[in-house]
Each structure stands twice: as C-alpha cells, then as structure tokens.
Amino acid sequence: MILEEDRFMLFICLVTRIDRGRRIRMNLSTFNEENLTFDLGPYTKGIGEVLDDMAAEEILPRIWSFDHTVWKPDPREITNRLGWLLSPAGMREAIPGIKDTIGDLRRDGCTHAILMGMGGSSLAPEVFGKVFGNHSPLSTVLTVVDTTDPDAIHHETKLYDPATTLYIVSTKSGSTVETFSLFKHFWRHAVKKIGTVAAGGHFIAITDQGSMLEEMATRLKFRRIFLNDPNIGGRFSVLSHFGLVPAAMVGADPAKLLDRAIDMARHCGADGETTFNPGARLGAVLGELARLGRDKMTLLLSPVLAPFGAWVEQLIAESTGKDGRGILPVACEPAGPPEMYSDDRVFVEMRLEHELCPAGGYEKALREKHPWIRILLKDEYDLGAQFFLWEMATAVAGHCLEIQPFDQPDVESAKIAAREMVDAYMREGALPQSEPLLQEEGLQLFGDGEPCGGWIEHLRGFLMQSSPHSYIALQAYLEPTGKTTQFLTDIAARIRSKFNMTVTTGYGPRYLHSTGQLHKGDRGNGLFVQFTSDPRKDVPIPDEIGSDASSISFGVLKAAQALGDGEALRRAGRKVLRIHLGDRLFAGLETILKGLS
C-alpha cells in the first residue's frame, strides 16, 4: 500500500524533475522572454531582493511540503486547502470517467447544460464555455446561472427543454444558499415537465464527499455524482472536477488542459532557483508592488482571453483582500492615456502570441510610467498552465503580504447580514427598509447623512469623497444582460474620466463570492454604489425539494443580499450609496448616465 505521504513525495519528484529530453531552460533569455516578462523600472532591484529572501527562506520548497508557516503559525484553513498543488497530476485518472459520462449524455440527446454554482464553482466553467464553446461539433451549449435575479432565472427556465437539458449542481459545501435555491427551482421545473423518475437522469452533482448535496443527489438518483478532493478550496478548484467536467462538456480536451498545467507545475516546483520560478516571480512582483502602494492590478486581456478576467479577479481579490491589505484586480477596463492613472497601478497584458497588445496605442506610454507584466499564450489550451501559474502566484503574494490567502472571513459577514434580513422578512412579511434620502426622476437614493441637493449633486458629492488612491465599486443587483452590462460599462467609463478614479463593476450576488472579500478586508479605500431594481416577474423558491409551497422568492433573496452586503460594508467602516431604479431598469440607468455627462 502506498501511504499518503509516499504519494505526495512521488508527486513532488514528478513536478520538480524535468526530463533531459524535454528540458526547458529557466532563464531570462528563453522562458521569460517568450512567455512571461516583467518591465518593473525602479522596482527591479527591490523585487530581486524579495526573491533572494524567499530563496533563503526556502519558501517554494515549503509551499510544496504543505508548510502552513509560510503564511501563518495557525494551520487552520491552510493545510486543508493546499490540494490544488496536486490536482493537475491527480485529476488525470478521472478524465476517462468524465468523458464517459458526457458521452452518455450526448447519446441520450442532451444538447444544453445549465450549471448552478457561485464563485469558484461558476467562474471557471464560464471561462471554458466562453473560450472553448462551439470549438467542437461535440460541444454542449453551457449556461452558467450564478444569480438570484428572478428575471434572469425565469428567462433561463423557459429557454431550455428539460428533456434535452442537463442540470449541473456545483457546490463544494453542498449548501450554498444561491446554488441550493436554484437547485430546488430547476428540480421542480424538470419534475413538472418530464416526471420525477426521468428528472434524476438529467442532473449531476459536483461536490465534496459527505456534503448535503451528495446525500440529496443520492436520494434523488442523479445520473452522476462527482466527488472532489475536499482539500481544494473553491477558488483554487479550476483544475479539479469543478472546472474539468464543464470544460469537457463544452468540447475542450481536459487531458490537454491538465498536461499544460502539469508542465507549469514543473516550472513552479520546489527545485531550481527561485529567481527563475515563474510562480515565485509573478507572486513576488504582485505582492511587493501592492505592499509599496501599487495595489491596483489592471488586466489588459485580448478578446479571446477576456473571460479569464473574472476568474483571476476572484482568485486575487478573495485571496489577498484581508487584514487591511489586498490587490484590487481591474478587469475589462479599456486602456487609456497615462494621465488617467495614479501611481497605484500595475498592468498585466495577456494575449495569444499572434494577437496585438490590448493596450493599443497607449502601450509605450503606459510602460514608461507603470510596472508592466506581459504574458503570452501559444493557444487557448495554455490557459491550463495559466490557471496553475496564477494559483501559485497568489499563494506567493499572500506570503509577501503576510496574509492567509486561503480563507475568506468577510464573505461570511455579508451572508450573516443577509440572513438577518431574511429572518426579518419571515417575521414581518417585509424586508427592513429605511426612508430614501432623495426621490426624483424615478430614482431613490439610500445612504447615510443628509441629502446634498438633487440626486446627481448627491451622487457627485458621494464620489468626490474619494482620494487619489481610492476606488469606486459599482455593485449591480440587476438582471445580468448584455444591455445592462453595456450601461454599467458606460457609467464606469464616465465616472473614471470625470473623477480620474479606478472603477470596477460587478453583479450581485456574484461579486459577494469574489471581490466582496476585498471590499471589506482591504485598507478601506473603496466607495460603493449599489444599484437595485424591482423584478418584472418574481420567481418563488420552493421550501423543500419537489414542493410547491414557498415562503420566499428569488426577488426577496436578492434584495436581502443587497441590503445585507450594504450593512456588512457599513459595519466594516465603508461608505455606501444605494440607488434604487424601481421597475424602470434601463430608463433609470440612462438617467444616471446622462446625469454624469
């Protein structure tokens, strides 16, 4: 019998040994120039010293040996979250079972799949769906539902026939409130359309062993239950069942993705010089620059790789945003001239080798004034390598920032506040509501203090509380459509140009499982503008699996999450302004956009 310790040592030998016939020289003239380059200007010497210190402290060998003291003396929520180091090699044996299940589903006429998940359970599948979807004649159309917006849920429910649809319930804990609510809704829908016996054959689960979802899926006779390594945290789970099952579903080759990841794991291994270790270099650069005040990481992604931004946003923000420190990822922001940026930025250019730089004509001027990281990919399958590279870099950045990168304490604070709102609803029949500060032009503004003029004067006054190194987060508890996204993008661009501020956007409750941790755990230099609206058609949440009885709706849950997060932000000392659009979603967004002109 091979003991767990022996299996671990065998894997370490695998990832740190480079076969003579396939040796890749880890030096600046080959690997870095072709794949990963750094233009750090005056920070070059300091980063070199950080890498020297890491080498002296044997940080990489200690990470690979699961030494929790790399981050904190207390092993809780660290030693049981390092399974991602082993997942590229360990998942190889699971690929045949994944392919067999998907092949059976296709033969049975499955043409579409709806994945229910939040955070790490949904963001990796979204990347695979958007990057690899329709690349193969065997592709299944994948829709990721990571929202509690009733209009979006109603739309997806009516769009696909359960007789040709697979429902993937994906949650590590097996009890995530959004995912489990969606599961109850879609199960009830499938049962009504195709019957209880047939419904089980249209559901699969991805979860940890012993979870509530495993028990439920067994009882309801799901077609397949994929049990994941419990030592892999949600946002580090892309190279496990949580990412690879959906990847195979949309036609990507999971074995090829793992091969690229295994190759990157070799480069990021315990042997060799820390200076030439790509994970160590990227992590040290991000961590040290953040420590020195450059804590805004702007991602400049080519169109093909743009979906990667949401995944890395969660990984970095939720891992580093705590103890008054953090790195704010800024994804999907179009590049601008240097004068639009303060001295708190680092730019990450990421593209395929044959693509042009996403910065366009601003590249040269930006590189002269800001640290610049360039990452080139040979093809889309190099994302397998990038997933592992960024996981290792995040772990290293956590060490540099002296934080624990594997927990998410402030995510729970928003959940607690939302539960308080739901409890109040169950007692009183209504959510707690304060009186609006202002009500005009179809908009209601809620916040602290007294109104300052009309709604636009109050909004401008709120935004002018920012300092040069602050950021503004637009938090949209709205139906996530292309039209809504375009309005939010335009509003963000208008605010950025008028206030010369970093602006991020995110849909709630999705962002609660990613940037929500950083919003409450960083040094407190964010301003938060929430957008809420009333649904056109609310959707009830069944009280029990298969039940028609309902005590709460998705509309109430979404509103409770918005109010709860606002309360959690205030408790953390943050400034929050909520703008309620009522039942005039697009008219209200148009009013705000025009008001900012």
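This tour moves through a predicted model, from an open pocket to enclosed cavities, then to a nonpolar core and a single loop residue.

**The second largest pocket**

Begin by selecting Ser-173, Thr-176, Val-177, Lys-415 and His-513, which, of the 49 residues lining the second largest pocket, are the closest to its centre. The space in this pocket comes to about 1,200 Å³. Next, colour helix H18 (409-428), since H18 gives the most to the lining of this pocket, with 9 residues. Other elements that each supply at least two residues of the lining include helix H7 (120-132), helix H9 (177-194), strand S16 (540-542) and strand S17 (550-553). If you colour the lining by residue class, you will find 19 nonpolar, 17 polar and 13 charged residues.

**Two cavities**

Turn now to the enclosed spaces, of which there are 2 of 30 Å³ or more. For the largest cavity, with a volume of about 50 Å³, select Asp-295, Lys-296, Gly-326, Ile-327, Leu-328, Tyr-471, Leu-518, Asp-522, Arg-523 and Asn-525, the residues that line it. This lining divides into 4 nonpolar, 2 polar and 4 charged residues.

For the second largest cavity, which holds about 30 Å³ of space, the lining includes Met-340, Tyr-341, Arg-345, His-469 and Asn-500. Here the residues of the lining divide into 4 nonpolar, 5 polar and 2 charged.

**The largest nonpolar core**

In soluble globular proteins, nonpolar side chains tend to be buried together. To look at such a group here, select Trp-311 and Trp-390, which touch the most other members of the largest nonpolar core, a set of 100 residues. Then add helix H17 (residues 383-401), which gives the most to this core, with 13 residues. Staying on Trp-311 and leaving out residues up to four places away in sequence, show its contacts, which are Leu-123, Ala-124, Val-127, Arg-235, Val-238, Phe-387, Trp-390 and Glu-391.

**A loop residue, Ser-547**

For the last stop, go to the loop between S16 and S17, where Ser-547 has its place. Is Ser-547 buried or exposed? Ser-547 counts as buried because its relative accessibility is 18%, and the cut-off for buried is under 20%. Zoom in on the side chain of Ser-547, and you will find one of its polar atoms 2.9 Å from the backbone nitrogen of Ala-549. Once neighbours within four places in sequence are set aside, Ser-547 is in contact with Arg-188 and Pro-542, so that selecting these residues together completes the view.

Methods
Residues numbered from 1 in each chain as written. Predicted model: local features only at pLDDT ≥ 70, side-chain atom pairs only at ≥ 80, totals over all residues. Heavy atoms only, no water. 1 Å grid on protein atoms, 1.4 Å probe; cavity = no way out; pocket = protein on both sides within 12 Å on 5 of 7 lines; lining within 4 Å. Points joined across faces, edges and corners; volume = space filled by probe spheres on them. Helix = DSSP H or I, 4+ residues; strand = E, 2+ residues; numbered from the N terminus. Nonpolar A, V, L, I, M, F, W, Y, C, P; charged D, E, K, R; others polar. Core = buried A, V, L, I, M, F, W, Y, C linked by side-chain atoms within 4.5 Å. Buried < 20%, exposed > 50% of the residue type's maximum accessible area, 1.4 Å probe, protein only. Contact = heavy atoms within 4.5 Å. Polar contact = N/O pair within 3.5 Å; in protein donor to acceptor, adjacent residues only side chain to side chain.
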